[in-house]
Amino acid sequence: MSSTDAVPTEPIHLDDAADFDDYVADHDVLLVDFYADWCGPCQMMEPAIESVANDTDAAVLKVDVDQHQALAGEYGVQGIPTLLVFADGELANRMVGAQMEDALTSAVEAHTA
């Protein structure tokens, strides 16, 4: 992603699993939130996820594991929430379970300029 392209300030919801690799490639730093609507810890994390999208230079992509089971399997998601940080197209960090907002912010800021 060129520096002239704006990073989205709200989480992006993945509609088509075929687009996943494009999101990873198109953003210098991408936080991927594997979640489910019925997951209590996922719901509790929603404000923190939104803050990361709004307050950092990372893009945030939300992946519903019920809708995208194959993608979740591909990335070894066994429990939710699972959060992955991609930097320059490579998996840089993995967090499983509910995380505090500062942990998420630190994880993405470690890879942003």
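With 113 residues, a compact globule would be expected to have a radius of gyration near 13 Å, and the protein chain has 13 Å, so the two agree. Keep in mind as you look around that this is a predicted model. Along the principal axes, the C-alpha atoms fill a box of roughly 35 × 30 × 20 Å. Let's walk through the chain topic by topic.

**Overall picture**

- The protein chain has four helices and five strands.
- If you follow the sequence from start to end, these elements come in the pattern β-α-β-α-β-α-β-β-α.
- Of the 113 residues, 43% count as buried.
- The chain exposes about 5900 Å², and carbon and sulfur atoms supply 46% of that area.
- Take the contacts with a separation of 6 or more: residues 24 or more positions apart account for 69% of them.

**The sheet**

- Five strands form an open sheet in the order E1-E3-E2-E4-E5, and the pairing is mixed.
- At the edges are strand E1 (12–13) and strand E5 (90–96), each of which pairs on one side only.
- As a general reminder, strands of a sheet pair through backbone hydrogen bonds, and they can do so in a parallel or an antiparallel way.
- E1 and E3 are a parallel pair, joined over two bridges.
- To find this pairing in the structure, look for Ile-12, which stands opposite Leu-61 in E3.

**The nonpolar cores**

- The largest nonpolar core has 21 residues, and the ones that touch the most other members are Phe-20, Val-32, Phe-34, Leu-61, Val-63, Tyr-75 and Phe-86.
- Helices and strands both contribute: helix H1 (20–26), strand E2 (29–35), strand E3 (59–64), helix H3 (69–74) and strand E4 (82–87) each supply at least two residues of this core.
- E2 gives the most to this core, with four residues.
- Apart from this core lies another one, made of 15 residues, including Val-52, Ala-58, Val-85 and Met-95.
- Val-63 is a good residue to click on, as one of those that touch the most other members of the largest core.
- Setting aside neighbours within four places in sequence, Val-63 is in contact with Leu-14, Phe-20, Val-32, Asp-33, Phe-34, Tyr-35, His-68 and Leu-71.

**The disulfide**

- The count of disulfides comes to one.
- This bond joins Cys-39 to Cys-42, with 2.4 Å from S to S.
- The torsion about the S-S bond of Cys-39 and Cys-42 is about 75°, so the disulfide is right-handed.
- Are the two cysteines buried or exposed? A residue is called buried when its relative accessible area is under 20%. Cys-39 has 4%, so Cys-39 is buried. Cys-42 counts as buried too, because its relative accessibility is 6%.

**A closer look at Ser-51**

- Where does Ser-51 sit? Its place is in helix H2, which covers residues 40–55.
- Leaving out neighbours within four places in sequence, Ser-51 is in contact with Thr-56 and Glu-101.
- Ser-51 and Leu-104 are 53 residues apart along the chain, and their C-alpha atoms are separated by 9.5 Å.

Definitions and conventions
Residues numbered from 1 in each chain as written. Predicted model: local features only at pLDDT ≥ 70, side-chain atom pairs only at ≥ 80, totals over all residues. Heavy atoms only, no water. Core = buried A, V, L, I, M, F, W, Y, C linked by side-chain atoms within 4.5 Å. Buried < 20%, exposed > 50% of the residue type's maximum accessible area, 1.4 Å probe, protein only. Contact = heavy atoms within 4.5 Å. Disulfide = S-S within 2.5 Å. Rg over C-alpha atoms; globule rule 2.2 N^0.38 Å. Areas by Shrake-Rupley, 256 points an atom, 1.4 Å probe, with all protein chains shown as cover. Pairing = 2+ DSSP bridges.
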